[in-house]
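Here are my notes on the model, set out as numbered points. Please read them alongside the coordinates.

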Amino acid sequence: MNLFNFQPGHEGYYGEYGGAYIPEILWSTIEELKTALKNAKADPDFWQEYISLMQSYSCRPTPISYLENLSRELGGAQLYVKREDLNHTGSHKANNVMGQGLLTKRLGKTRVIAETGAGQHGVATATMAARFGFECVIYMGTEDVARQRPNVFWMEQLGATVVPVTDGSQTLKDAINEAMRDWVTNYPTTHYVLGTACGTHPFPEMVAWFQSLIGTEAREQMLSQYGSMPDKVFACVGGGSNALGLFQGFLDDESVELVGVEAGGKGLDSGAHATRLTSREGSVGVAQGYKTYFLQNNDGQMLHTHSISAGLDYIGVSPILSHLKQTGRIRFEAATDNEVIEALKLVMKKEGLIPALESAHAFARAIQEAPALPKHTKLLINQSGRGDKDIFTVADAIRDENWEHFIQGKAKDYESRNIYS
Ligand SMILES: *Cc1c(COP(=O)(O)O)cnc(C)c1O
């Protein structure tokens, strides 16, 4: 299935989703980017350079681990995990930013900008900018700057300028608007490093392409190391880049079921979730430069989203995924915050893995389905990132008393002396 074989006159559309709804001033920049992407895709040397870079800088190919203990515990299907957590900066985001870094070089640009919510994409972009010697500006809502201090700290140490955005709700969507404003002003020197397979054409195609190495590796590894294809493949869905990355390896294998797992938050009826494709509240609209399912009310006002994992807490979703939902190629499900914490605890105790809260959504669903499946069934789960970053959230959720004492102690230290003097 070639997702990027666009119908004549419908370039950038996946079925009815996608497109490029952009201000006129960005047309030539987007044209330039489309041309650069097209040329890069037609140039085998570019892909080879990308693969070599990821091998020497980001531990690729990442392994697939067989979860023997957890499989035995569940008593049904066999569980396998693609280890994207082993990438530099701890998630699949490295694939996207390093790819866009190479493309920025090809465009002859010297400055990169990005939006970030939780800060993970900001840290990944700042790492890439340092490695390539680009100037780097990261836009982040003031609210998020306050909540994500450790990531802001690292971005600044890596040499990036973090600009707090005080507009609107002071979160991700305001940061996106501000980054767009910067791009409109500075496009001759600047590339906008979008963080997921969303936004205006050609970003969904570009990000999905860079992430496709996850699925290419995984298909090969399952066949050569474990003797057969997986029966079902699970990935969490925020914007959709890790899911598309893994799923692309299996799109044409009809026997392989693809399962995307959204953030069910406090439950689908709670009004506190981020399920654009699995709940009634998701509907088709145009925002942020593209057409897809958004969490919005009847007037097109964006709704408040909630998830225990910051990376899945987003109002839009990749237009490519919206299309593959419509064609029925991908089944979409949701996992709630509570299910995610339970899954995470089980995986840590049984396998010694610490998946990111985002990835734990994929685990939660696979763990739910595994017991009823025959023993020869193989489930492949994408561990999109590592969970170290979630220590504050997880320790809170499981109410670890010693952790609370530790945090209170730290706060007292800061109160009783000025540690910077
Ligand atoms: C950012 C992030 C996600 C969500 O982004 P997608 O584009 O949906 O992949 C998922 N997992 C981890 C670990 C992340 O950091």
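In which helix is Phe392 found? The points below take this up after a word on the model and its ligand.

1. The model is predicted, and every value quoted here should be read with that in mind.

2. The ligand is placed between two domains, because both contribute residues to the shell around it. Domain 1 is made of 15-56 + 92-204, and domain 2 of 62-90 + 212-396.

3. The shell around the ligand holds 17 residues, of which Lys93, Thr196, Ser241, Asn242 and Ser384 come nearest. By class, the shell residues are 11 polar, 4 nonpolar and 2 charged.

4. Some polar contacts can be listed individually. In the side chain of Thr196, an N or O atom is 2.5 Å from an oxygen atom of the ligand. Backbone atoms take part as well: a polar backbone atom of Gly238 is 2.8 Å from a ligand oxygen, and a backbone N or O atom of Gly240 also lies 2.8 Å from an oxygen atom of the ligand. On its own the ligand has 380 Å² of accessible area, and the protein covers 96% of that.

5. On the surface, Ile391, Phe392, Phe406 and Ile407 make a nonpolar patch of about 350 Å². Helix H14 (391-397) and helix H15 (401-416) are the elements that give two or more residues to this patch.

6. As for the opening question, Phe392 is found in helix H14. Phe392 is also one of the residues that make the nonpolar patch.

Methods:
Residues numbered from 1 in each chain as written. Predicted model: local features only at pLDDT ≥ 70, side-chain atom pairs only at ≥ 80, totals over all residues. Heavy atoms only, no water. Near = heavy atom within 4 Å. Polar contact = N/O pair within 3.5 Å; in protein donor to acceptor, adjacent residues only side chain to side chain. Areas by Shrake-Rupley, 256 points an atom, 1.4 Å probe, with all protein chains shown as cover. Nonpolar A, V, L, I, M, F, W, Y, C, P; charged D, E, K, R; others polar. Domains from an automatic or database assignment. Patch = residues over 30% accessible without salt bridge, like charges linked within 9 Å, V, L, I, M, F, W, Y side chains within 5 Å. Salt bridge = Lys/Arg side-chain N within 4 Å of Asp/Glu carboxyl O. Helix = DSSP H or I, 4+ residues; strand = E, 2+ residues; numbered from the N terminus.
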